[in-house]
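Have the sequence and the model open side by side for this one. We'll wander through a handful of spots and look at what the geometry has to say.

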Amino acid sequence: MEKFVKINFLGAAGVVTGSKFLIETSEKNILIDCGMFQGLKELREMNWNNLDIDVSTIDVVLLTHGHLDHVGYLPRLIKQGFLGKIIGTAPTLAIAEIILNDSAKIHEEEANKANKEKYSKHEPALPFYTAKDAENTMKRFEVEIEDKWIQLSDHISYRFQYNGHIIGATFIEIDINSKRFVFSGDVGRQNDYLLNDPKTPEWADFLCIESTYGNKIHPEQNAEDLLTEIIKETIHNQGNLIIPSFAVERLQTLMYILWKLYNENRIPNIPIFVDSPMGNNVLDVFKRFPKWHKLSPQDYESMYNHMNIIQSYKETWETIDDKRSKIIIAGSGMVTGGRVLTYLQQLIDEPSTTVLLVGYQAEGTRGRQLQDGAHEIRFFGKYHPVNATIKTIESLSAHADQKDLINWMSAIKNTPKHIYLIHGEPTALDAFRVKIKDVYNWNAKIPKLTDVEKVSL
């Protein structure tokens, strides 16, 4: 076997999203994740470019988890000539299926709307991919179990390891010619409401580690106390609490906390509407894979029955017309699309409305604009004044913070030969690089998009 391996940083290098890392060897070419860029317009536009590699030479895709910025480019990969398998844990592939189907539907709807209302610069506006493309992608899916070494070729094997973050999420260990490559994926947090603590790697010759919160420690906020206070204010103001939510994990966590607060008599029986078709499908994944989370079947059913699960767009409008104070949880988490825009279109200009942001807001998203105090936001081709109160609870993030990431690395028994910091904005990456040096005296690199590292084994 050759003495060198090439690592191609095709996404999530110098930025948070678009996760794609190609490992080239003489035996197999392995793509770790295949996600879409999100956030800034110049990043989103890069999604439309074909990858600057011969896609047909990729043998297999290994998925850390099912989020859009880790799986959303798969249909385009297949269109460019990828012929191999797409492998992940069973919950990861279930989540990926939901996300790809939902994403394809949104792409088609947005293209149709843009063509009908003629607000796109492109004539005609085309979907990024279609439902048929998503369906073709899922034909390549193959399940592997967690915590088992799988042989890919004579000198290459890999293993998925439980990583918290979202249901099904893992970090990936790949042994190539007796050298271990570790790809962190997105690392979850300790003491999560729904998920078990992440496992940790014990050896890493080459480590690619996420740095989303590489420069931050999550505040010691008590999310339950904050939510209780915000809900009571909403009722006092006779207003609406709108929570844009990621459909995977965050929505289920919010449902659990709100159900818990009601059970403990900390909040009154305020109507709670869950408007996320994708989130509803993810709830089914929790039901199908009970060993991947902490929620008992009894608690799951009680929580589910406490919510008003919206099933149709007609019910969305009925909810908007409902004059009662209420809580609305709707996708998407960064306010980039989804049902939440329909609610904001009608309610964001009302001072009695509160919009609560409960997760990471990438640069260039409407969620970040709201967080930064924008007086108006643009969607559906129009500007909408922001008279609502905007609040944030950072402590519900599903991402490890700097302290968690440093602890996640603490079980590694050796000194890694190379450490690459990925999935972060520049300030987070640099702060994390300095912290790793301070704590472990390890040197870390910050690769840029399209960088290729030729590493010696």
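What follows is a walk through some helices, two buried polar residues, a few unusual backbone angles and some contacts and distances.

One thing up front: this is a predicted model.

**Two helices that cross**

Let's start with helix H7 (residues 250–263) and helix H9 (residues 297–306), which pack at an angle of about 85°, their axes being 9 Å apart. An angle from 65 to 115 degrees counts as roughly perpendicular, and H7 and H9 are therefore roughly perpendicular to each other. On the H7 side, the contact is made by Gln252, Met255, Tyr256, Trp259 and Tyr262. H9 brings Asp299, Ser302, Met303 and His306 to meet them. Sort the residues of this contact by type and you get 5 nonpolar, 3 polar and 1 charged. As for the spacing of the names, an α-helix has 3.6 residues a turn, so residues three or four places apart point the same way.

**Helix H4, checked with a ruler**

Next up is helix H4, residues 90–117. How far apart should the ends of its 28 residues be, at 1.5 Å a residue? The expected span is 40 Å, and the end C-alpha atoms of H4 are indeed 40 Å apart, which agrees. Just after H4 comes Lys118, with a positive phi of about 55°. Inside the helix, Lys105 is partly exposed, at 46% relative accessible area. From Lys105 to Leu226 you travel 121 residues in sequence and, C-alpha to C-alpha, 35 Å in space.

**Two buried polar side chains**

Now for strand E9 (residues 170–176), where Glu173 sits. Is Glu173 buried or exposed? Its relative accessible area is 1%, so Glu173 is buried, the cut-off being under 20%. The side chain of Glu173 has a partner there: a polar contact with the side chain of Arg159, at 2.8 Å. Setting aside neighbours within four places in sequence, Glu173 is in contact with a whole list of residues, including Trp149, Tyr158, Arg159, Arg180, Phe181 and Pro201.

A little earlier along the chain, Asn163 lies in the loop between strand E8 (156–162) and E9. Asn163 has 0% relative accessibility and counts as buried. What does its side chain reach, and at what distance? The side chain of Asn163 reaches the backbone oxygen of Ser184, at 2.8 Å. If you skip residues up to four places away in sequence, Asn163 touches quite a list, among them Ala169, Thr170, Phe171, Ser184, Asp186, Pro198 and Trp408.

**Backbone oddities**

Most residues other than glycine have a negative phi, and most peptide bonds are trans. Here are three residues that go the other way on phi:

| Residue | Phi |
|---|---|
| Ala12 | about 50° |
| Lys118 | about 55° |
| His165 | near 70° |

Ala12 is in the loop between strand E1 (4–11) and strand E2 (20–24), and with a relative accessible area of 0% it is buried. His165 belongs to the loop between E8 and E9, and His165 is buried as well, with a relative accessible area of 4%.

There is also a peptide bond to look at: Gly331 and Ser332 are joined by a cis bond, with omega about 15°. You'll find Ser332 in the loop between strand E15 (326–330) and helix H11 (340–347).

**Two more stops**

Asn49 is located in the loop between helix H1 (41–46) and strand E4 (60–62). Asn49 is partly exposed, at 45% relative accessible area. Leaving out neighbours within four places in sequence, which residues are in contact with Asn49? They are Tyr73 and Gln80. Asn49 and Glu142, meanwhile, are 93 residues apart in sequence and 27 Å apart in space, C-alpha to C-alpha.

Last, take Leu68 in helix H2 (residues 68–71). Leu68 and Phe37 are 31 residues apart along the chain, with 8.8 Å separating their C-alpha atoms. Not counting residues up to four places away in sequence, Leu68 touches Gly35, Met36, Gln38, Ile99, Ser103 and Tyr129.

Technical notes:
Residues numbered from 1 in each chain as written. Predicted model: local features only at pLDDT ≥ 70, side-chain atom pairs only at ≥ 80, totals over all residues. Heavy atoms only, no water. Axes fitted to C-alpha atoms, helices over the stretch in contact; angles between N-to-C directions. Helix = DSSP H or I, 4+ residues; strand = E, 2+ residues; numbered from the N terminus. Parallel < 35°, antiparallel > 145°, perpendicular 65-115°, else oblique. Contact = heavy atoms within 4.5 Å. Nonpolar A, V, L, I, M, F, W, Y, C, P; charged D, E, K, R; others polar. Buried < 20%, exposed > 50% of the residue type's maximum accessible area, 1.4 Å probe, protein only. Polar contact = N/O pair within 3.5 Å; in protein donor to acceptor, adjacent residues only side chain to side chain. Expected span 1.5 Å × (residues − 1).
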